[in-house]
Every structure is written in C-alpha cells, then in structure tokens.
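Q: I would like to learn how to read the main features of a protein model, one at a time. Could we work through an example together?

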Amino acid sequence: MACPYNSYSSSLVAKYGYRIFRVGVDAGFSCPNRCKSPTGAGCVYCDSQGARAAYLRTAESRYRHDSAFEDSIDQIAQEVSVVDDFRFSFDKQAIGLQVERGLEFLKRRYKAQHFAAYLQSFSNTFAPYDKLKELYDYVVGLSDWDGFIVSTRPDCIDDRKLSLLASYKASCKEVCVELGLQSGDDDILKNMNRGHDVACFLKAAKAVKDHGLELCMHVLTGFPGEGKEQLDRTILAICEAHPQALKIHNLNIAAGTKLYDDYLEGEVTAPCLTRHIENVIYILRRIPSDIVIERLMCETPTHRLACPRLFPDKNRFLRQLEWEMQRRGCVQGDMCQR
C-alpha cells in the first residue's frame, strides 16, 4: 500500500532514481543563542550535543538503544562550553576522519553509492564568511557529493552567506539549508528561549529560496501551552514558507537541559505516542502534498532521554502512524486550504 505522506526516500528515488545517504559532520560550531542569551543556555530543550548525530557521540558508544536513563550523563546547560563566532575554528583532521568513517559505514551497511555531506549539530553558519568558506570548501572537496546540507538558525544567515552556499550548486546536485522554526506561535517561541520570532523565520526562509537553495524546515510539537490554536499557527507558517522538505519532532526532555529541571519539578511532561500521532496527522493533512517529509519523530539517545520513556523506535512509530492514516483514509494535504 502506498505511503500516505510524501516520504523522503521515495522522493529521492523519484527525483534521481536512487537514494542519497547523509554523512553527518560535526565541525565544532556553537550557537548564537547559547553565546548571546543572558543565561548562555540556549533553547530550553537543547542539550550540550546540539542535535549531534548519535553515531558521532563516540564518548557515549557504550550505550545502546535500550539503555537506561542516566541523569548525570550531561552537565547542566549553563555549564556547557561555548565559543563565539569570531573564535570559531575547525579541525580538518577530525572532520576528514568523520567523513571517512561515515562513508565506510554507509557503504558497508547499506551498499550506498550516493552521499550528501550534512553539517548538522548546532548552527553551521555561525562564523565569519571567510572561515565558513574555508570550511565549506574543505568539506565539499572531501568527496564527490550528491548533496550539501547545512543546518542553522534563521537569525544566523545573511545574503552573503547564502550566496556562498549557492555557489556549491556547481559541484553538488542539491544544496539545502535546514532552518528551525519549532513553533508558529511567538509566545511558545519565547518560552522555548528560541531567541527569534516567527517573522524572523519567514524572512530567512524566503531568503533561502530566493538564492535558489532547497529549504528544509524544522517544527516541534507537544511543547507546554500548545493547543490546536497554536498548532494551527505552526501549520500556517509551514504553508507560508512552503519548504521543499519538513522535519517534525516530538518534544523530548533530555538530561542537561532547562526543560529537564522543570520536569523534575513536575512542571512539564512530554507527549505520549498517541498524542504525537494525532499531532502529526493533524499537521500532515493540512500542509501541501508536495512537501517532502524527512522526519516525523525525535530520536534522542535513550540514556539521555528522561521523558517520554515508553516511546517506540522509529520503525515501529512509522508503521503505527501509516496504519492509522490508512485506517482513517487520510493522506498528506487532503485538508490543505492552499
């Protein structure tokens, strides 16, 4: 039976005739929201790894998917070491080794032949132009990439940086900028300590597309204070930005975050499986069907995850989501007003 939403893997095959596998690269960036916020803590849900891919967390390699939670795994967010943009430097040897190991693993496990370089953790445009160009040139030159993907914040880009990214379209089939909105409600963004508002995101999203770059948008559901009214605002922002791709995350409460402190006080909790499925279906039905869905749940390593503890792994979650959408006879975009 056909997938009820526009899945990433099927979109790649339809577009190129093959799948493209991402090689995660941690280049050592920080985040302006950590460096420039009054507390230095960044977003309340972000731990010291800043969405770093699990396979790059070599110091935590002893943990497995079913490992128990350890509340001492991380220091509190305020104690995380940060560097500002003008002190940024990158380690060529470390990055080269990451790429070498990533390519080797993907070729061995998936027989992969096509790859994209993925600068994922923290804000990967948070450095002066000259340092970014040196880094990007180096990463793009490490392999024959099909894609180059840079994850960052909407308040951390400008026309010059976007023009630099667009220049790599000459050597990569696709260059994509991933921008986090998280919520279409400004009050929720303030409570998240995001450091930007919805208008900032929409302006940045337009600039990305105006430079001929692919746009992937991140949203997060289940944050305290989010009801249907707030979710509708997020959907409105998705429709207005109309990204080529979308990632939907469920709220996770991880060790070493401000949100974890609130969780210990009994102030917050995270949505269960049933609630997240409802939120995802609600969003999918109301956004354009041509938006590619790259992610539908958060995958915080379980030894860092305080809540929710009973959430299934990605494969089980996707099976249950697809079964529920098929049971209801609904598909992505069937209630979209645009």
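A: The turns below go from the whole chain to the sheet, the cores and two single residues. The model is predicted.

Q: What does the secondary structure of the chain come to, and how many of its residues are buried, as a percentage?
A: The chain has eleven helices and nine strands. Of its 338 residues, 55% are buried. The accessible surface is about 15800 Å², and carbon and sulfur atoms account for 48% of that area.

Q: How are contacts spread along the sequence?
A: Take the contacts between residues at least 6 apart in sequence: 83% of them join residues at least 24 apart.

Q: How should I read the sheet, and what is the order of its strands?
A: Strands of a sheet pair through backbone hydrogen bonds, in either a parallel or an antiparallel sense. Here seven strands form an open sheet with parallel pairing, in the order β1-β2-β3-β4-β5-β6-β8. β1 (21-25) and β8 (292-295) are the edge strands, each pairing on one side only. On average, neighbouring strands of this sheet are turned by 25 degrees against each other, direction ignored.

Q: Which residues stand opposite each other where β2 pairs with β1 and with β3?
A: β1 and β2 pair in the parallel sense over five bridges, and phenylalanine 21 stands opposite phenylalanine 115 in β2. On the β3 side, four bridges join the two parallel strands, with glycine 147 in β3 as the bridge partner of alanine 116.

Q: Where do the side chains of β2 point?
A: In a regular strand, side chains alternate between the two faces of the sheet. In β2, Phe115, Ala117 and Leu119 point one way, while Ala116 and Tyr118 point the other way. Because five of the five residues of β2 are buried, this strand is largely enclosed by the rest of the structure.

Q: Which strands does helix α8 lie across?
A: Helix α8 (residues 228-241) lies across β4 (174-182), β5 (214-221) and β6 (245-250). The helix runs at about 180 degrees to β5.

Q: Which residues touch the most other members of the largest nonpolar core?
A: That core has 92 residues, and Leu135, Tyr136 and Phe148 touch the most other members. Helix α10 (residues 273-285) gives the most to this core, namely seven residues. A second, separate core has ten residues, among them Tyr16, Ile20, Tyr118 and Ala245.

Q: What does tyrosine 136 touch?
A: Beyond residues up to four places away in sequence, tyrosine 136 touches Leu119, Asn124, Thr125, Phe148, Val150, Leu164, Leu165 and Tyr168.

Q: Is leucine 164 buried or exposed?
A: Buried means under 20% relative accessible area. Leucine 164 has 4%, so it counts as buried. This residue lies in helix α5 (residues 159-167). Apart from neighbours within four places in sequence, leucine 164 is in contact with Tyr129, Leu132, Lys133 and Tyr136. Its C-alpha is 10.0 Å from that of aspartate 137, which is 27 residues away in sequence.

Q: Why does aspartate 146 count as buried, and where does this residue lie?
A: Aspartate 146 counts as buried because its relative accessibility is 6%. The residue lies in the loop between α4 (129-140) and β3 (147-152). Its side chain makes a polar contact of 3.4 Å with the side chain of histidine 114. Leaving aside neighbours within four places in sequence, the contacts of aspartate 146 also include Tyr18, Ile20, Phe115 and Cys172.

Conventions: Residues numbered from 1 in each chain as written. Predicted model: local features only at pLDDT ≥ 70, side-chain atom pairs only at ≥ 80, totals over all residues. Heavy atoms only, no water. Buried < 20%, exposed > 50% of the residue type's maximum accessible area, 1.4 Å probe, protein only. Polar contact = N/O pair within 3.5 Å; in protein donor to acceptor, adjacent residues only side chain to side chain. Contact = heavy atoms within 4.5 Å. Pairing = 2+ DSSP bridges. Axes fitted to C-alpha atoms, helices over the stretch in contact; angles between N-to-C directions. Core = buried A, V, L, I, M, F, W, Y, C linked by side-chain atoms within 4.5 Å. Areas by Shrake-Rupley, 256 points an atom, 1.4 Å probe, with all protein chains shown as cover.
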